[in-house]
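This report describes how two protein chains meet each other and how they meet two DNA strands. The sequence and the structure are shown first.

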Number of protein chains: 2
Amino acid sequence: MEKYFAILKKCPLFFGIDETHLAKMLPCLGAQIMPFDKKYTILKEGNPARYIGIILSGSAQVIRLDYYGNRSILSEVGPSELFSEAFACAEIDAVPISVIANEPGEAMLIDCGHILHTCANNCGFHQQLIFNLMKDLAAKTLAFHQKMEILSCRTTRDKLLTYLDLQAKQAGSPRFTIPFDRQELADYLEVDRSGLSTEIGKLRKEGILKSRKDQFELLQ
Amino acid sequence: MEKYFAILKKCPLFFGIDETHLAKMLPCLGAQIMPFDKKYTILKEGNPARYIGIILSGSAQVIRLDYYGNRSILSEVGPSELFSEAFACAEIDAVPISVIANEPGEAMLIDCGHILHTCANNCGFHQQLIFNLMKDLAAKTLAFHQKMEILSCRTTRDKLLTYLDLQAKQAGSPRFTIPFDRQELADYLEVDRSGLSTEIGKLRKEGILKSRKDQFELLQ
DNA sequence: AAAAGTATGTTGAATTTTCAACAAAATGGA
DNA sequence: TCCATTTTGTTGAAAATTCAACATACTTTT
């Protein structure tokens, strides 16, 4: 387990907990390691929502398929980030989303019951874990608000520009790389791929942005 | 303060805390009462995010105005429900939303710093409050997922039907009342009002629903 | 290096949304 | 009750999206 400590220390779930205590906690929490290949379904819609997931290496997408099988990309998770924590914390029966690997990697799964209800050993760090979960969920709520700001736009153009502005702001620079190809970006913005391509072309012609594949630059 | 206990006991923030302790905690938390009239701005976008709000009576809408001044209705809050808790818990500078009263009522404001950082008296119930906040934020995350399910639909018809299905499921009956007039429903679904009216008319003609004002019935 | 497969850009037609304007219905006061 | 105001429904035109089909560019494999 030690080889994961560098990543786990950056994980919001373990904020403020040092390696010594982490080493004691992990077995207490019943942490398991799950290796995965590209395109592997790490978590499938309908599965029990018992586990909190932590990406140790690689990355994955949180998606949902609608009635007709259309994919929506809800978010992207990378190393040290949590997934499915809200469903586990809410103690619902089944997760309403799937998590699909972008590339090979590993995830850690923790039975959330061991965090919410004090474990037999009573490690004394449950309070910190619960506080950390609360902080994480608050931060995720902010991210949801950003996503809603995008989805509330009526046109592909406005959705795209709102997304790119947010990315630039996050990158702290007008030049940035996005974690999506065109189809994925369309599924994230909830728009048609071909219309998205057209719109990117227009913005380029109008001198509003430069782009090459997943690299973008917003001009002035 | 005692007259509010009946409502506060139902508030997710105070779950598992009895009246005796509640009475001790409220002053410790620096709780203030804010009366409001219809259309009053209980919380304004850009304000400090210090406070967690609890609706004691009446109701309000959480809204956001976009660049052009178009209103988005994010959610509806009623008695014993929390608002702005995610922003307070995330300890960001300013709230990105506004909260507007639907009707006269009262709200309680609690300085979130008094919950997150142990207070001088160290009431001993902070752990429970933090646990409750975590639970509340997890539940709100589920609500956000539902909203995203609606917004990810491409047509007004699908957005409307997805919304109505969710409402029927929540009401546990095909007959239910929604908390919106037409313009508000349009601003919640992020669609054009006149198009929404037209679509409701079509669904009625097709025998898919019955409706009168804010009362709906989904047929089979 | 060639071939196969994938991703992206482009186009036109059909559908849908938005927008503006107005009519009808409902509401709230005087 | 009547008047003024607000809300809801309806319509047609303009704009935008979706959809399908295909050309081009790029990757990966053999």
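A salt bridge is here a side-chain nitrogen of Lys or Arg within 4 Å of a carboxyl oxygen of Asp or Glu. By that criterion, 2 salt bridges are counted between chain A and chain B. The model is a predicted one, and the values below are computed from it.

## Interface of chain A and chain B

One of the interchain pairs joins K135(B) to E91(A), with the closest N and O atoms 2.5 Å apart. Polar contacts across the interface of chain A and chain B comprise 8 residue pairs, both residues being at pLDDT 80 or more. On the side of chain A that touches chain B, at least two residues each are supplied by β5 (71-77), α3 (85-90) and α5 (126-151) of chain A. The greatest contribution to that side is made by α5(A), with 16 residues. Classified by residue type, the side of chain A that touches chain B holds 19 nonpolar, 5 polar and 8 charged residues.

The size of an interface is often expressed as the accessible area lost when the parts come together. For chain A and chain B, the buried area is about 3300 Å², and carbon and sulfur atoms give 70% of it. Three residues, M134(A), F144(A) and M148(A), supply 20% of the area that chain A buries against chain B, which is more than any other three residues. The contact involves 32 residues from chain A and 32 residues from chain B. Of the interface residues of chain A, 100% are also interface residues in chain B, so the copies meet through the same surface.

## Relation of the two copies

Two copies of a chain are related by a rotation about an axis and a shift along it. Here, a turn of 180 degrees with a shift of 0.0 Å along the axis lays chain A on chain B with an RMSD of 0.0 Å. The two copies are therefore related as by a two-fold rotation axis. Within chain A, the C-alpha nearest the axis belongs to M134(A), at 2.2 Å from it. M134(A) is also one of the three residues that supply 20% of the area buried by chain A against chain B.

## Salt bridges over all chains

Over all chains the count comes to 14 salt bridges. Among them is the pair E85(A) and K140(A), whose closest N and O atoms are 2.7 Å apart. E85(A) lies in helix α3 of chain A and K140(A) in helix α5 of chain A, so this pair ties together parts that are 55 residues apart in sequence. Both α3 and α5 of chain A are also among the elements that supply at least two residues to the side of chain A that touches chain B.

## Surface near DNA strand D

Which residues are the closest to DNA strand D? Of the 15 residues that surround the strand, they are T156(A), D192(A), R182(B), R193(B) and S197(B). Sugar or phosphate accounts for 58% of the atoms of DNA strand D within 4 Å of the protein, and bases for the rest. The polar pairs listed for this strand include a base nitrogen as well as phosphate oxygens.

| Residue | Protein atom | Atom of DNA strand D | Distance |
|---|---|---|---|
| D192(A) | polar backbone atom | phosphate oxygen | 2.9 Å |
| R193(B) | side-chain N or O atom | base nitrogen | 3.1 Å |
| S197(B) | side-chain N or O atom | phosphate oxygen | 2.8 Å |

Two or more residues of the surface near DNA strand D come from each of α7 (182-189) and α8 (193-205) of chain B. The largest share, 5 residues, is that of α8(B). By class, this surface has 1 nonpolar, 7 polar and 7 charged residues.

## Surface near DNA strand C

DNA strand C has 17 residues around it, of which R182(A), S197(A), T156(B), D192(B) and K213(B) come nearest. Of the atoms of DNA strand C that come within 4 Å of the protein, 54% belong to sugar and phosphate. A phosphate oxygen of the strand lies 2.3 Å from a backbone N or O atom of T156(B). For D192(B), a backbone N or O atom is 2.9 Å from a phosphate oxygen of DNA strand C. In K213(B), a polar side-chain atom is 2.6 Å from a phosphate oxygen of DNA strand C.

The elements that give two or more residues to the surface near DNA strand C are α7 (182-189) and α8 (193-205) of chain A, together with α8 of chain B. The most is given by α8(A), with 5 residues. By class, the surface near DNA strand C comprises 1 nonpolar, 8 polar and 8 charged residues.

Notes:
Residues numbered from 1 in each chain as written. Chains lettered and ligands numbered in written order. Heavy atoms only, no water. Near = heavy atom within 4 Å. Polar contact = N/O pair within 3.5 Å; in protein donor to acceptor, adjacent residues only side chain to side chain. Helix = DSSP H or I, 4+ residues; strand = E, 2+ residues; numbered from the N terminus. Nonpolar A, V, L, I, M, F, W, Y, C, P; charged D, E, K, R; others polar. Contact = heavy atoms within 4.5 Å. Buried area = accessible area lost by both parts, 1.4 Å probe. Least-squares fit on C-alpha atoms with pLDDT ≥ 70 in both.
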